Amino acid sequence: MRNAELEFFFHPVVLILLAEPDKLASFLTRLASHRSFHLRSIMGSVEPERLRVAVIGAGIGGLAMAKQQRDRTPDAEIVVFEVRRNVGGIWNYEEDAGVPQTRFDEEGRAQAANVWVKGDVPKEEEVPPSPVYPTLKTNLHKDLMTFRGEPYPPGTSPYPPHCTILAYLENYAAKHDLISLIRFHTRVTRVRHSAAAEGAPRGRQRWLVESAGADGVSREETFDAVAVATGHFATPHFPFVSGLWDFEGEVTHARWWRGPEKYRGKTVVVVGSHASGSDLVRELAWLNVPASPAPSNPFPSPYLPASTDPSRLPRARIVQALRHDPPPWNDRPAPKYLDEIEKRGEIVEVVGRTISFKSGEKVEGVDAIIFATGYRFSYPFLRAFDPPFDSHPVIRSVPSTQRAEPGTVPESTVVARPDAQGLFVDNLSKHHLFYRPDPTLTFIGLPQMIAPFPLWETQARVAAYLFAFPPSAPIPAGLLEPPKQPQADEHEGTAEEDVVKRTHYLDPPAEFDVADELLRLIGEGGEEHGTPVGKEKAPWSKTPQWKRDLQLRQLDVPIKYILVYPYASEGTPAGSEMLEKCDATVRSLRSRPASAPAWRRLS
């Protein structure tokens, strides 16, 4: 029952029901089941019982969830837990990411962390370093990186740098007064079912949430629903590489990338060909490229003064390990820096400082291997021995045919193997949203390879809709359908591990199809575009065609151009200009006291 229905029933006309006992009984039953009310007695008054929702994370998904829940249930108590001192999640750039230490489990799989407890267990960092690096720009047009009705200021670059995205999120939180809902410097340490959840499919006070604040005080609270919006850019994923544990150089991951300068004059192998892998090899190649722009050098190096001749400096050798051949540049001049990148196939073995590739080629004297191979899903607060995860886990291990022979990995490097690999999140609905055993737990922001803002905001809207639903009311058909099994991709491999990694992949513009279907399931998604001004509670329309067209126009551009497109677009600062702009933004953030929320208006 909606609030409008309650207002209707409290109209004096309701007195008519007193003369019709059957209708009165029906009314009282409906009222008693309403999420926000309960009856103290048949003749007593109706007293409010506030819905309590916990949101974990204050990035894109967490901010969207907090706003949508408050729009849906203004009287709800919403608590957003954020481990950082600012909103924005991973868009909070940190100059110092720490120095990773790489260890290996007994099967030869790499793990990396800044600190290891007792030498074999990664320590949970107080604040995980952001994977954002200084020159990071969006590889999606800015109009695909917005919430509904919340455009960027005029003059914003088509492919803005990371500091612009952070400022956008800070402004969004300030505009909608979300800061007051957030507990900064607070880590959620445990989420599990309460005793009230036993034997009831949905209901109140179902979840116990434990958290630890900056003051060192731990709390345990009950909530009716929990939205997990922590993202998945904290725990690096390393594919299995035979002999990697014996490599005599540096083994690291893109999460810790902060620039190429330390690799000048060295031989570096970058593993990975998606966005971060392509960014890293470009930055390494910039070490060897002149800083002055020219027709033959449309992407000048931001790391050298214009007067510097790179030929007088030690040259870096850059090798990129790919699973499939890159497309040729035969229809327009290639950027000069591409001449500095040697393309190789998949790595099959490491011996000493020599790397062998599937093609039979070898590269000797390698100083560093940098894995730009994505991340694992990790939810240490959803413990496998707590209910309901003891019977319906969110993370489970996947058998792998690739592993070291017993006794191969030196005991001095062996660390504890994670409880699960974290390649995908299990027991979810087909929209990558609801935990099917108990949909009062939801995950915002799992789909990958997409434009995140539109889908995550829609996921938040639909989650808020379900959280406000009466516990006794049936959930709309379709919201809890099981997911389709992922299919093998010819470029990514056919082993089970390669297949399940695609569980949360959506091929653009499929994110808009998922968002529109979710809206239809809650009675929205009509033809009229946009939300009327001043009517935020009005039903949402389906994705406007111009967004689909914009996404498709990007897809029409060959991937080789997409990977450098942000640096070639008109109006986008390149090189040192962009570094200078974001450095100034970061300095302004660091000038504020730690206790103050780090948000500001974007001029």
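Met 449 sits in the loop that runs between strand E24 and helix H6 (452-467), in a structure that is a predicted model. Although Met 449 is not a glycine, its phi is positive, at about 65°. Its surroundings leave Met 449 partly exposed, with a relative accessible area of 43%.

**Backbone features in loops**

A second residue with a positive phi is His 185, which is likewise not a glycine and has a phi near 55°. His 185 belongs to the loop between strand E9 (182-183) and strand E10 (187-193), and because its relative accessible area is 28%, between the cut-offs of 20% and 50%, it counts as partly exposed. The table sets out the two residues.

| Residue | Phi | Relative accessible area |
|---|---|---|
| His 185 | near 55° | 28% |
| Met 449 | about 65° | 43% |

Another backbone feature concerns a peptide bond, since Pro 387 and Pro 388 are joined in the cis form, with omega at about 5°. Pro 388 is found in the loop between strand E23 (375-376) and strand E24 (441-443). As background to these three cases, most residues other than glycine have a negative phi, and most peptide bonds are trans.

**Strand E16 and its partners**

Strand E16 covers residues 267-271, and five of its five residues are buried. Thr 267, Val 269 and Val 271 point one way from the strand, while Val 268 and Val 270 point the other way, and all are buried. Such a pattern has a general background, because in a regular strand the side chains alternate between the two faces of the sheet.

Which strands are joined to E16 by bridges? One is strand E17 (residues 317-321), which runs parallel to E16 and is joined to it by five bridges; within this pairing, Thr 267 has Arg 317 as its bridge partner. Another is strand E22 (residues 368-371), also parallel to E16, with four bridges between the two, and here the bridge partner of Val 270 is Ile 370. Val 270 is thus described both by its buried side chain and by its bridge to E22.

**Asp 279 in helix H5**

Is Asp 279, a residue of helix H5, buried or exposed? The helix spans residues 275-286, and Asp 279 counts as buried because its relative accessibility is 8%, which falls under the 20% cut-off. The side chain of this buried residue makes a polar contact with the side chain of Arg 282, at a distance of 2.8 Å.

Conventions:
Residues numbered from 1 in each chain as written. Predicted model: local features only at pLDDT ≥ 70, side-chain atom pairs only at ≥ 80, totals over all residues. Heavy atoms only, no water. Buried < 20%, exposed > 50% of the residue type's maximum accessible area, 1.4 Å probe, protein only. Polar contact = N/O pair within 3.5 Å; in protein donor to acceptor, adjacent residues only side chain to side chain. Pairing = 2+ DSSP bridges.
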